[in-house]
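Open the model in your viewer and keep the sequence panel visible. The tour below goes from one selection to the next and says what is found at each stop.

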Amino acid sequence: MKGSMDTHLGSIQIDNEVIAQHAGMIATECFGIVGMASVNVKEGLVRILKQDSVNHGIIVSANHNKLSLEFHVIVAYGVSILAVTDNLISNVKYKIEEFTGLEVEKINVYIEGVRVID
């Protein structure tokens, strides 16, 4: 389901891929996030995605104009996971609500790996 809203000029529908792309760019700007993770459930493999694939590893669902986002991320070694995820959640919630005009109801973050930054 797409996020949608009605205005006095008509209806606006926002595709989930657009929201995922924007959320991915926000996430990769957050301190401690090395990148988004693609999870191959069948083989149990996790791989880091390149910058042009930031919308992979993010699942967006809309229900009654409320958004739920799911992030699969790789964090930097040595950072506080709690601090990184709190920062990610607050930044994404604020910026996605500002970008779309829709309420973000829930954000789940799954840490899929840790990587040493050179």
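Start by selecting Asn 65, which is partly exposed, with a relative accessible area of 35%. On the scale used here, buried means under 20% relative accessible area, exposed over 50%, and partly exposed in between, with a 1.4 Å probe and protein chains only. Asn 65 sits in the loop between β5 and β6. Its phi is near 60 degrees, a positive value in a residue other than glycine. Most residues other than glycine have a negative phi.

Before moving on, note how to read the file. This is a predicted model, in which local features need pLDDT of at least 70, side-chain atom pairs count only at pLDDT 80 or more, and totals for chains, interfaces and linings use all residues. Numbering starts from 1 along each chain as its sequence is written, and side-chain values use heavy atoms, with hydrogens and water left out.

**The turn**

Select His 64, also placed in the loop between β5 and β6. His 64 has a positive phi of about 55 degrees and is not a glycine. At 70% relative accessibility, His 64 counts as exposed.

**The hairpin**

Extend the selection to strand β5 (residues 58-63) and strand β6 (residues 66-76). Helices (H or I, at least four residues) and strands (E, at least two) are DSSP runs, numbered from the N terminus. β5 and β6 run antiparallel and are joined by six bridges; two strands pair if DSSP finds at least two bridges between them. Together they form a hairpin with two residues between the strands.

Show the side chains of β5. Its covered face holds Ile 58, Val 60 and Ala 62, while Ile 59, Ser 61 and Asn 63 are on the uncovered one. Across from Ile 59, in β6, stands Glu 70.

**Two stops in β6**

Which residues does Ser 68 touch, not counting residues up to four places away in sequence? They are Ile 59, Val 60, Ser 61, Glu 105 and Lys 106, where contact means heavy atoms within 4.5 Å. Ser 68 lies in strand β6 and, at 16% relative accessibility, counts as buried.

Next select Val 73, found in the strand β6 as well. At 0% relative accessibility, Val 73 counts as buried. Its contacts, leaving aside neighbours within four places in sequence, are Ile 33, Gly 35, Met 36, Ala 37, Val 109, Tyr 110, Ile 111, Glu 112 and Gly 113. For a distance label, join the C-alpha atoms of Val 73 and Val 34: they are separated by 7.6 Å, with their positions 39 residues apart along the chain.

**Helix α2**

Select residues 81-100, helix α2. It has 20 residues and reaches 28 Å from its first C-alpha to its last, close to the 28 Å expected at 1.5 Å a residue; the expected span is 1.5 Å times one less than the number of residues. Colour its buried residues: Val 84, Thr 85, Leu 88, Val 92, Ile 96 and Thr 100. Seen down the axis of α2, they fall within an arc of 90 degrees, so they line one face of the helix. The arc is that of the directions from the helix axis to the C-beta atoms. Turned away from this buried side is a face with the exposed residues Leu 82, Tyr 94 and Glu 98.

Now show Glu 97 and Lys 93, which form a salt bridge, their closest N and O atoms being 2.7 Å apart. The term stands for a side-chain nitrogen of Lys or Arg within 4 Å of a carboxyl oxygen of Asp or Glu. A search of the whole structure finds one such bridge. Being four residues apart in α2, Glu 97 and Lys 93 are separated by about one helical turn. Glu 97 is partly exposed, at 26% relative accessible area, and Lys 93 is partly exposed too, at 33%.

Just after α2, select Gly 101, where phi is positive at about 80 degrees.

**The whole chain**

Zoom out to two helices and seven strands, in the order β-β-α-β-β-β-β-α-β from the N terminus on. Of the 118 residues, 35% are buried.

Finally, colour by pLDDT, the predictor's confidence in each residue, from 0 to 100. The protein averages 84, and 82% of the residues score at least 70. Confidence is highest in α2, at 96, and lowest in strand β4 (residues 45-48), at a mean of 52. Where pLDDT is low, the predicted coordinates should not be read in detail.
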